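Subject: Structure for your files

Hello,

Here is the structure I said I would send, with the sequence. My notes on it follow underneath.

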Amino acid sequence: PERYDDHADIHWDPSALTDVVDLADRVVVDAGAGTGRVAFRAVDAARWVFAVEPVSGFRRFLRRKANQRDVDNLYVLDGTLDAIPLPDHVVDVLVTCQAFGWSLPEELAEIERVVRPGGTAVHLSGLADIDAYPGGREMHETLVSDEWGYEVDTYEDGGSDRNRYIKRF
């Protein structure tokens, strides 16, 4: 996790999230948290941040980093985007950053379950070109379909254009 955190090709700017949703005093889930790039940016504003991560080494890294930084509102949970270990309708903001689409229908159903009415889900994808990666077009078409109702817009991150998918519940 340390090497990944130091060298990951993600130049994540918090405005990719905060431009579309206010985190102040909110319950935030960073699903597929990895080393916590999103989670640690959210802890200063959010009431609680749940970093949901299936890889045990990353979960240990997240807990150690939270202890070193004396963060007391970050909770690290073992889970996946299609099995979030939280009750129904308790999340104000759910965010994924390049951690989405392995079992898309199940993931979207789980998001619908945990995000409360008035909440927001934001998916920060790797690229704006939906044809640049396997399954990108299918994922895009599913998200923006009438069934799921996500809006898409493009933002700039680290010199690259990326898509951001947003749904307000």
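Strand β5 pairs with β7 (residues 160–168) in the antiparallel sense, and the pairing runs over 5 bridges. Within that pair, Leu124 stands opposite Arg164 of β7. Please keep in mind that this is a predicted model.

One residue of β5 deserves a paragraph: His123, which is found in that strand. His123 has 2% relative accessibility and therefore counts as buried, the cut-off being under 20%. Its side chain makes a polar contact with the side chain of Tyr150, at 3.3 Å. Leaving aside residues up to four places away in sequence, His123 touches Leu94, Thr96, Phe100, Ile111, Leu143, Tyr150, Asn163, Arg164 and Tyr165. Arg164, the residue opposite Leu124, is thus also among the contacts of His123.

The sheet

Both strands belong to an open sheet of 7 strands with mixed pairing, in the order β3-β2-β1-β4-β5-β7-β6. Which strands stand at the edges? They are β3 (74–77) and β6 (151–157); each has a single partner strand, so one side of each is left without a neighbour in the sheet. On average, neighbouring strands of this sheet are turned by 20° against each other, direction ignored.

Strand β1 (residues 27–31) pairs with two strands, β2 and β4. The pairing with β2 is parallel, over 5 bridges; Val29 has Phe50 as its bridge partner in β2, and Ala31 has Val52. Between β1 and β2 the chain passes through helix α3 (residues 37–42), and this β-α-β crossover is right-handed. The pairing of β1 with β4 is also in the parallel sense, over 3 bridges, and there Val28 has Val93 in β4 as its bridge partner.

Is β1 covered or open? It is mostly covered, with 5 of its 5 residues buried. Val27, Val29 and Ala31 point one way from the strand, Val28 and Asp30 point the other way, and all of them are buried. Asp30 is thus one of the buried residues of β1.

For β2 (48–52), 4 of its 5 residues are buried, and this strand too is described as mostly covered. β2 pairs with β3 in the parallel sense over 4 bridges, with Ala51 standing opposite Val76 in β3. Together with α4, these two strands make a right-handed β-α-β unit.

The helices

Helix α4 (residues 56–68) lies across β2 and β3, and it runs at about 165° to β3.

Helix α5 covers residues 104–114, and its buried residues are Leu104, Glu107, Leu108, Glu110, Ile111 and Val114. Why do they lie on the same side of α5? They do so because they cover an arc of only 160° around the axis. As a general point, an α-helix has 3.6 residues a turn, so residues three or four places apart point the same way. What do the buried residues of α5 pack against? They pack against β4 (91–97), β5 (115–124) and α6 (136–143). Ile111, one of these buried residues, is also on the contact list of His123.

Two loop residues

Asp70 and His89 may catch your eye in a backbone check. Asp70 has a positive phi of about 55° although it is not a glycine. Asp70 is placed in the loop between α4 and β3, and with 70% relative accessibility it counts as exposed.

His89, again not a glycine, has a positive phi of about 55°. This residue lies in the loop between β3 and β4. What does its relative accessibility of 41% make it? His89 counts as partly exposed, which means a value between the 20% and 50% cut-offs.

If you look at one place only, I would suggest the surroundings of His123, a buried residue with a side-chain polar contact to Tyr150.

Regards

Definitions and conventions: Residues numbered from 1 in each chain as written. Predicted model: local features only at pLDDT ≥ 70, side-chain atom pairs only at ≥ 80, totals over all residues. Heavy atoms only, no water. Buried < 20%, exposed > 50% of the residue type's maximum accessible area, 1.4 Å probe, protein only. Arc of directions from axis to C-beta. Contact = heavy atoms within 4.5 Å. Pairing = 2+ DSSP bridges. Axes fitted to C-alpha atoms, helices over the stretch in contact; angles between N-to-C directions. Right-handed = clockwise from strand over helix to strand, strands pointing away. Polar contact = N/O pair within 3.5 Å; in protein donor to acceptor, adjacent residues only side chain to side chain.
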